[in-house]
Amino acid sequence: MKTYCIVPLLLVGLVSCTSERPASSTRSPSTAPQKATPAVSAPARPSVQYTVVSAYNKGGRTWRTILIKSPISDADLVALARYLHDLLRDESIRIVDDASQIKAYEDWDQNYPDAAYPFPEQWVRRHHIATINKMLAPGGAAWQLMGGSAHPTRPESKIADLE
């Protein structure tokens, strides 16, 4: 019999999950203790500073916008993406380096194709660094880190698989 523990993220690593009975209970000789299930460790917090600016729901999915300082190396961007994806497992995330047009971008996204909410194209070209999203991939959908329009070497292309 397997025992599963659901532990809030902040407690992961502080709790050991097991299906063993306490030492004070009686066991038949044929029932050997089961090994403890190793606790899943939380991902290491990346060195990149970030701010969660906003979140909204669209099409049954939660979208978050994360603000970082640039420039950022691909290694640091991938580390941040892995951390955020582990933390916010089923959420799509946009990573930007300027907050001035986030509201305009999100208004456009939530109201497309309504012309009353124009696409802030110049801002996106200069400040959309990356997106974490479930993408169509060989073998089915997969969570990936994709370069945004402002990524210096991989705009609009896959940077890393996240699972």
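## Exercises on a predicted model

Over residues 1-30 the pLDDT stays under 50, and for this stretch the model has 29 contacts beyond four places in sequence. Keep in mind that you're looking at a predicted model.

**Exercise 1. Work out how far the predictor trusts the chain, and which strands have the lowest and highest mean pLDDT among its elements.**

Step 1: Start with the whole chain. Its average pLDDT is 82, and 74% of the residues score at least 70.

Step 2: Now go element by element. Strand 3, residues 92-96, comes out highest with a mean of 98, and strand 4 has the lowest mean, at 95.

Step 3: Put the start of the chain next to that: residues 1-30 stay under 50.

**Exercise 2. Find the strand order of the six-stranded sheet and name its edge strands.**

Step 1: Trace the strands across the sheet. They follow the order 1-2-3-4-5-6 in an open sheet, and the pairing is mixed.

Step 2: Look for strands that pair on one side only. Those are strand 1 (50-58) and strand 6 (158-161), the edge strands.

Step 3: Check the twist. Ignoring direction, neighbouring strands in this sheet are turned by 25° against each other on average.

**Exercise 3. Decide whether strand 2 pairs in the parallel or antiparallel sense with strand 1, and do the same for strand 2 with strand 3.**

Step 1: A quick reminder: strands of a sheet pair through backbone hydrogen bonds, in either a parallel or an antiparallel way.

Step 2: Take strand 1 and strand 2. Eight bridges join them, in the antiparallel sense. As an example, V52 has I66 in strand 2 as its bridge partner.

Step 3: See how the chain gets from one to the other. Strand 1 and strand 2 form a hairpin with two residues between the strands, and G59 there takes a positive phi near 60°.

Step 4: Move on to strand 2 (residues 61-68) and strand 3. This pair is parallel, with five bridges. R64 sits opposite I93 of strand 3, while L67 faces V96 of strand 3.

Step 5: Add the helix. Helix 2 (residues 102-111) lies across strand 1, strand 2 and strand 3, and runs at about 20° to strand 1.

**Exercise 4. Track down two cis peptide bonds and a residue with positive phi that is not a glycine.**

Step 1: Know what's usual. Most peptide bonds are trans, and most residues other than glycine have a negative phi.

Step 2: Check the bond from S70 to P71: it is cis, with omega near 10°. P71 belongs to the loop between strand 2 and helix 1 (74-87).

Step 3: Do the same for Y112 to P113, where the bond is cis and omega is near 15°. You'll find P113 in the loop between helix 2 and helix 3 (121-127).

Step 4: Finish with E156. Its phi is positive, about 60°, although E156 is not a glycine. E156 lies in the loop between strand 5 and strand 6.

**Exercise 5. Describe the second largest pocket: its space, its lining and the strands that supply it.**

Step 1: Get the volume, which is about 210 Å³.

Step 2: List the lining. It has 13 residues, and the closest to the centre are R94, Y105, H128, T131 and E156.

Step 3: Sort the lining by class: five nonpolar, six polar and two charged residues.

Step 4: Ask which strands contribute. Strand 4 (128-137) and strand 5 (140-147) each supply at least two lining residues, and strand 4 gives the largest share, three residues.

Note on methods. Residues numbered from 1 in each chain as written. Predicted model: local features only at pLDDT ≥ 70, side-chain atom pairs only at ≥ 80, totals over all residues. Heavy atoms only, no water. 1 Å grid on protein atoms, 1.4 Å probe; cavity = no way out; pocket = protein on both sides within 12 Å on 5 of 7 lines; lining within 4 Å. Points joined across faces, edges and corners; volume = space filled by probe spheres on them. Helix = DSSP H or I, 4+ residues; strand = E, 2+ residues; numbered from the N terminus. Nonpolar A, V, L, I, M, F, W, Y, C, P; charged D, E, K, R; others polar. pLDDT = per-residue confidence, 0-100. Contact = heavy atoms within 4.5 Å. Pairing = 2+ DSSP bridges. Axes fitted to C-alpha atoms, helices over the stretch in contact; angles between N-to-C directions.
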